[in-house]
Each structure stands twice: as C-alpha cells, then as structure tokens.
Amino acid sequence: MRLLVVGRLSGQLASAVKMAMAHGAKVNHVERIDQATEQLRRGQGADLLMVDYNLDIAALIAANEAERIYVPVVACGIDNDATKAAAAIRAGAKEFIPLPPEADLIAAVLSAVADDDRPLISADPSMAAVIKLADQVARSEASILITGESGVGKEVMARYLHSHSKRSDRAFISVNCAAIPDNLLESELFGHEKGAFTGAVARRIGKFEEADGGTLLLDEISEMDARLQAKLLRAIQERVIDRVGGTKPVPVNIRIIATSNRDLARAVSEGTFREDLLYRLNVVNLRLPALRERPGDISVLADHFVKKYAAANGVPVRPIGAEARRALIAHRWSGNVRELENAMHRAVLLAIGPEIDVEAIRLPDGQPLNAGTFDAGQANVAARAAQTADAVSRAYVGQTVAQMEKTLILDTLTHCLGNRTHAANILGISIRTLRNKLNEYADEGTQIIAPQTGIAASGYAA
C-alpha cells in the first residue's frame, strides 16, 4: 500500500502518517498539490492520496484527470470543519478523516483501498491443489492467468504469487482494468509524453514502468478495450512499451499476472478478446473454486474475519456458535469470500451474547442467515412465491423487448445494491456493455442507483 500525504506535516497529520506506516503503508509526503501531481507523473506512484482539506482538492483532482492519472483521494482536517469536509467530498474526495486520527479509522480506510492485509487462508482440499500449483510456478517468470467468480480471492492469490516469487523484494503494482475508463487506461498503463494530448503538460510514467523489476497485476483483463489488447500483446512479447505520444520504445522487465471472472475462451469466440493475447497470458491457469465448492474454507475464513473485525472495531472476540457455524457452511455464498467477509463484519458488530449466534449473521438486506430445512411451511411460501411470479410475468405481456431488457437490468442492479461488476456477472454481459446501457437510460431521465449505496442518483452510471 503506497500512500502520498499532501499538506503541511503538522503534529496531528504526522500522527496519521505514523499510524498508516504502522499498518504497513509506504508513505511519501509533499506540501503542495502541484508537487503531488509531479510525483505521480515521475512514476513515484501511490495507491491513495491523503490531502489536507485546506488545499484545493478539486484542482488536484482536475490536474490529475487532465493528465490521465487515476488515484483516489481522501481528505483530512485538524479542526473538523463540517463545511470544509463536505466541500472536499463534493470536490471528489472519497472519504474524510478527522484529525487527530483514530487508529481504527486509518486502518479501515487503508484496508478499503488495498488488499495487502488479506492473507491466503485455506483448509479445503480443493484449494490445497490450487495452492500447490501456485507454489510450483511462483518462482518462474511465466505469465499467470487467475480465473474464478467475483469475490473468490483472485487478487489475494496474485499477491501470494508475488510474495513467493524471485521478484518479491520489488514492486507489486495492481491495475483494475474494469474500474478505469478506456480513455484513461492507456495512459495509466503505458504513461505519456509531454504534449501527447490536451492537458499533458509533462511526461508521465505509467504502471508498466512503475512495476519495472517487479510484478504487474492486470485485474479483470477481460474488460480491456480491443485496441489496448494489441498494445499489451506487444509489450508482453517484446518487453517494451510505447508511451502515448512517444517516439521510441521503452524497455521494461516485469512479470504479468492477469485475472478474469469471465470465460475468456468464450470472449475469444465472441470476438471481444484476442486469442493471441489469451495464449500469452494463460501460460499457467489457476482457477479458484467458488466458496460453495470449498466448504472446508468457510469456517476458517469466518474465524479469521471475526478476529480481524473485532480488532478493527475495538470489541471482544466472540467465538462462533455451533448453530451459526452450521448455517455458515450450509449457505451458498453467491458473493464468495467477499460476501462472507461482509457478513462476519456485520456479525461482529451485531453480536450481543457470549458468542456469535445465527441471529447476528445477516444478509445484505438485513435478513438473518438461516440454514434450516425445507419444511411444509416453506413449501407454502414457495407456492405463494410461484403464484406471485406468475402474476408478475403476466404483467410483462405487451412490453417491448427493449422495455423488458431495461427492467431486467435495473432490477438486477438494485438487487446488487448498485454494484456494477456483480450485476454484469449475473446478467452475463460485460461491465462495459452494462455501463453503456445505464448511460443510455440516464440520458432518458431514468434514476440510476449509485454503487454500494442503494441511493438513486440521476445520470450516475460509472
């Protein structure tokens, strides 16, 4: 985790820096926003910017965006001025950290940005086979493709490979290809020269050069634009890159790890992914089974998350009760490890007795997790549900295909609490196609649910 702190290093801001370093962050510091942009240009990258809210955060974000630099910003302030904090959020900051800092809040913000503190934990035989293969290939220079459903721990596996590689003492750089817009991703990966486009006032070093000597993770590679796929293929084959607007190739020495939650062979057949690139990336394939396919991992992961979030929230560690443990193992966990982690975080906060019982383990909609058996009462519920479904289907008669598609997309997005990646997976479409559809609906005046909130925001499709 690389943190760039922007502002005068007062006593309280210095305390925040020390806390971040105690949680494993590598911290750099500058006083002015122009110095921050300059550092990012030169390849002294950051996963997060922590900026004094007395500085012009909007100008900093605008300067970065003009040069196609994509780094999230959190604001911080000593006097906890609510007006300044709100202005910082409106300017584009993702979060506000009041100073003097609380260690738990610093830890939570860093954890939300990076997966550095997520160890590879497993006790199931199906995962043991995957880890054995990972250990065999970790010290090689082979490109590795990690596949599996969303939330199974693909980035955790990528970090495990890097930490067990011959490059473990060098940089591990991660780029989420699905989260960065196409017009920014090329510069993010390859950098650019001064004057390459409007706003490029100086040379900018991209992630390939930042990762030189180390490992570059291309997360959700299936979402990369076809034009960029060709440029990536050349970089892998020839170990050189071309900065945007550059006139001569730049040599790089990196190992590529890529992840995908989609079937890339199918994407090749559909013409959305290059076959030759797939061959280059897929020298070794590590398929991570879904959590429901490795029940032996559920219990040990749940125990790990209980300890983690009890410590983060300053509450005692409660053991998981026997009934709750049975319910955890019986649940399907369609969101995989990520869903289990969120459920155990809620359980740590909701548990009130000497142990975590089944009532404390809640689904995202607040309903309790109940393994149960399918008794007569549930059969009646199922029958009523079937009748309701039939009535709903009749209501769709007379609608156009476009209207039905719109309803399906928006209902699925609501079900996923605005999470674009999850909704696209359920719908069986790429996240790019989903965003295009949402932008089309927003242009029509439809309210689009914002990610992770459940709040409708007109025109929000990112």
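Let us start at one small spot: the backbone nitrogen of Asn 54 lies 2.9 Å from a polar atom of the Asp 52 side chain. Keep in mind as you look around that this is a predicted model.

Asp 52 is a good place to get your bearings. Asp 52 belongs to strand S3, which covers residues 48-52. An unreviewed UniProt entry annotates Asp 52 as "modified residue: 4-aspartylphosphate". Is Asp 52 buried or exposed? Its relative accessibility is 18%, and because buried means under 20%, Asp 52 counts as buried. Apart from neighbours within four places in sequence, Asp 52 is in contact with Val 6, Gly 7, Ile 57 and Cys 76. One of these partners, Cys 76, is itself buried, with a relative accessible area of 1%. Another cysteine to find is Cys 177, which counts as buried at 1% relative accessibility. As for disulfides, the count comes to zero.

Now step back from Asp 52 to the sheet around S3. Five strands form an open sheet in the order S2-S1-S3-S4-S5, and their pairing is parallel. Strand S2 (26-30) and strand S5 (95-98) stand at the edges; each has a single partner strand, so one side of each is left without a neighbour in the sheet. On average, neighbouring strands of this sheet are turned by 25 degrees against each other, direction ignored. What holds strands together in general? Strands of a sheet pair through backbone hydrogen bonds, either parallel or antiparallel. To follow one pairing here, take strand S1, residues 2-6, which pairs with S2 in the parallel sense over five bridges. Within that pairing, Arg 2 has Lys 26 of S2 as its bridge partner.

Next to visit is helix H2, which spans residues 33-41. Which elements do the buried residues of H2 pack against? They pack against S1, S2, S3 and helix H3 (57-66), so here you meet strands from the sheet again. The buried residues in H2 are Ala 36, Thr 37, Gln 39, Leu 40 and Arg 41. A general point helps when reading such a list: an α-helix has 3.6 residues a turn, so residues three or four places apart point the same way. After H2 comes Gly 43, whose phi is positive, near 90 degrees.

Further along the chain, strand S8 (residues 215-219) makes a good second centre for the tour. S8 is mostly covered, with five of its five residues buried. Thr 215, Leu 217 and Asp 219 point one way from the strand, Leu 216 and Leu 218 point the other way, and all of them are buried. S8 pairs in the parallel sense with strand S7 (residues 172-176), over five bridges, and in this pairing Phe 172 stands opposite Thr 215. S8 is also joined by four bridges to strand S11 (residues 255-260), with the two running parallel. There, Leu 217 has Ile 257 of S11 as its bridge partner.

Just past S8, the backbone does something worth a look. Most residues other than glycine have a negative phi. Glu 220, however, has a positive phi of about 55 degrees although it is not a glycine. Glu 220 sits in the loop between S8 and helix H10 (226-238), and at 10% relative accessibility Glu 220 counts as buried. Where does Arg 239 lie? Arg 239 is in the loop between H10 and strand S9 (240-241). The phi of Arg 239 is also positive, near 55 degrees, in a residue other than glycine. At 37% relative accessibility, Arg 239 counts as partly exposed.

Two last stops complete the walk. Gly 271 is placed in the loop between helix H11 (264-269) and helix H12 (275-281), and Gly 271 is exposed, with a relative accessible area of 63%. Gly 271 and Ala 226 are 45 residues apart in sequence, and their C-alpha atoms are 9.2 Å apart in space. Finally, look at Ser 299 in helix H13, residues 295-313. Ser 299 counts as buried at 18% relative accessibility, and its side chain makes a polar contact with the side chain of Arg 325 at 2.4 Å.

Conventions
Residues are numbered from 1 along each chain as its sequence is written. This is a predicted model: local features need pLDDT of at least 70, side-chain atom pairs count only at pLDDT 80 or more; totals for chains, interfaces and linings use all residues. Side-chain values use heavy atoms; hydrogens and water are left out. UniProt positions are given in the numbering used here, feature names are shortened, and annotations may be inferred rather than shown by experiment. Buried means under 20% relative accessible area, exposed over 50%, partly exposed in between (1.4 Å probe, protein chains only). Contact means heavy atoms within 4.5 Å. A polar contact is a pair of N or O atoms within 3.5 Å; within protein, one must be able to donate a hydrogen and the other to accept it, and residues adjacent in sequence count only if both atoms are side-chain atoms. Two strands pair if DSSP finds at least two bridges between them. Axes are lines fitted to C-alpha atoms, for helices over the stretch in contact, and angles run from 0 to 180 degrees between N-to-C directions. A disulfide is a pair of cysteine sulfur atoms within 2.5 Å.
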